[in-house]
Amino acid sequence: MTTPISEADLHAYADGLLPPARAAEVAQWLADHPQQQMLVAGWQRQSLLLRAAFPPQHTPLPARPRWRWSGPPAMTASVLLAFAVGYGTASWQQPPADTATLPASVAALPGYASVAHTVYTPEQRHPVEVGVEQRDHLLTWLSRRLGKPIRVPTLTAQGYRLVGGRLLPGDSGSAAQFMYEHETGQRVTLYLQASPANAPLAAFRQQRRGNNQVFYWQDRDFGYALVAGEQAPALSQLATQVYHQLATP
């Protein structure tokens with residue numbers, strides 16, 4: 001019999017600390033409990049915003065402070081969000097000049113994707129929420145959450161194996177991250193979120209976010225961002241391979 005989902009499970013799930021099997025159980029439970037699902041998504045979004053607000057060279061913050069508030073939940077969430085955004089506005093909300101003409105959903109991709117890459121790629125025990133051994137379940141679950149069928153590229157010819165993926169908060173709703181690991185140990189991540197209806201195509205663009213390189217674009221139903229550390233070789237070629245696979249019906 002499955003152990004009941006506790007508040008501690010939800011906190012650990014939001015922070016990516018659950019074992020894969022338990023994380024899958026919590027994810028299934030959340031799919032049937034939309035109110036708790038929104039709460040956990042809010043925690044994850046706050047965690048990403050806090051990490052974005054403080055440069056990596058600073059002392060790392062806890063994944064999410066375990067503060068107890070006496071005020072209304074909506075007020076406390078807005079206070080924490082204002083705190084994070086207030087400190088991180090320069091690097092988080094303001095896109096570089098060369099993205100000023102892009103749709104807002106595309107311009108936001110490098111920031112969200114880079115922060116998620118920085119947060120999760122160092123993890124050794126829990127780098128993903130659902131591992132590649134549950135690939136079909138992972139794609140079905142993420143497709144349902146993003147509202148559109150998701151495909152994941154194969155990069156074994158380039159030396160990268162799929163590790164798995166996870167659900168993340170995006171600019172305007174749910175997003176997904178897939179993680180790949182090279183035979184040398186180098187990791188790259190593919191971040192994607194559903195595009196608004198009738199969204200225009202956006203060609204390849206490149207940004208550097210801290211120590212990360214980001215190639216991002218929008219095509220058909222999704223906006224994509226491929227992220228790697230500064231030591232990753234030939235990221236542009238890898239991005240081209242990802243693009244061609246996803247663009248092929």
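How many of the 9 residues of strand 3 are buried? The answer is 8, so strand 3 is largely enclosed by the rest of the structure. Here, buried means under 20% relative accessible area, exposed means over 50%, and partly exposed lies in between, with a 1.4 Å probe and protein chains only. Strands (E, at least two residues) and helices (H or I, at least four residues) are DSSP runs, numbered from the N terminus.

The model is predicted: local features need pLDDT of at least 70, side-chain atom pairs count only at pLDDT 80 or more, and totals for chains, interfaces and linings use all residues. Residues are numbered from 1 along each chain as its sequence is written, and side-chain values use heavy atoms, with hydrogens and water left out.

**First stop: strands 1 to 4**

Please select residues 174-182, which form strand 3, together with residues 187-194, which form strand 4. These two strands run antiparallel and are joined by 7 bridges; two strands pair if DSSP finds at least two bridges between them. Within this pairing, Phe178 has Leu190 of strand 4 as its bridge partner. The hairpin of strand 3 and strand 4 has 4 residues between the strands, and Gly185 there takes a positive phi near 100 degrees.

Next, add residues 160-169, which make up strand 2. Strand 2 is mostly covered, with 9 of its 10 residues buried. Strand 2 and strand 3 run antiparallel, with 9 bridges between them. Two partners to display are Ala176 of strand 3, which bridges to Leu167, and Glu181 of strand 3, which bridges to Arg161. Between strand 2 and strand 3 the hairpin has 4 residues, and Gly173 in the turn has a positive phi of about 155 degrees.

Strand 2 also pairs with strand 1, residues 130-131, in the antiparallel sense over 2 bridges. To find this pairing, select Gly131 and its bridge partner in strand 2, Gly164.

**Second stop: helix 1**

Select helix 1, residues 7-14. Helix 1 is mostly covered, since 6 of its 8 residues are buried. The buried residues of helix 1 are Asp9, Leu10, His11, Ala12, Tyr13 and Ala14.

His11 is buried, with a relative accessible area of 14%. Its C-alpha atom is separated by 8.3 Å from that of Trp43, 32 residues apart along the chain. Ala14 is likewise in helix 1 and is buried, with a relative accessible area of 3%. For a link back to the first stop, display Leu167: the C-alpha atoms of Ala14 and Leu167 are separated by 10.0 Å, and the two residues are 153 apart along the chain. Just after helix 1, Gly16 takes a positive phi of about 70 degrees.

**Third stop: the cavity**

How many cavities of 30 Å³ or more does the structure hold? There is 1. A cavity is a set of points, on a 1 Å grid over the protein atoms alone, where a 1.4 Å probe fits but cannot get out, and its lining residues have an atom within 4 Å of a point. Grid points are joined across faces, edges and corners, and a volume is the space filled by probe spheres set on the points.

The largest cavity has a volume of about 50 Å³. To show its lining, select Ala12, Tyr13, Gly16, Leu17, Leu18, Ala23, Val128, Glu129 and Arg166.

**Fourth stop: helix 7**

Move to residues 135-146, the 12 residues of helix 7. Helix 7 reaches 16 Å from its first C-alpha to its last, close to the 16 Å expected at 1.5 Å a residue; the expected span is 1.5 Å times one less than the number of residues. Buried residues in helix 7 are Leu138, Leu139, Trp141, Leu142, Ser143 and Leu146. Just after helix 7, Gly147 takes a positive phi of about 80 degrees.

**Last stop: strands 6 and 7**

Select strand 6, residues 212-219, where 8 of the 8 residues are buried. In a regular strand the side chains alternate between the two faces of the sheet. Both faces of strand 6 are covered: one side carries Asn212, Val214, Tyr216 and Gln218, the other Gln213, Phe215, Trp217 and Asp219, and all are buried.

Asn212 has a relative accessible area of 6%. Its side chain is joined to that of Thr118 by a polar contact of 2.9 Å, a polar contact being a pair of N or O atoms within 3.5 Å in which, within protein, one must be able to donate a hydrogen and the other to accept it, and residues adjacent in sequence count only if both atoms are side-chain atoms.

Finally, add strand 7, residues 222-229, which pairs with strand 6 in the antiparallel sense over 8 bridges. Val227 of strand 7 is the bridge partner of Val214. The hairpin of strand 6 and strand 7 has 2 residues between the strands, and Arg220 takes a positive phi near 60 degrees.

Conventions: On a 1 Å grid over the protein atoms alone, a cavity is a set of points where a 1.4 Å probe fits but cannot get out, and a pocket is an open set with protein on both sides within 12 Å along at least five of seven lines; lining residues have an atom within 4 Å of a point.
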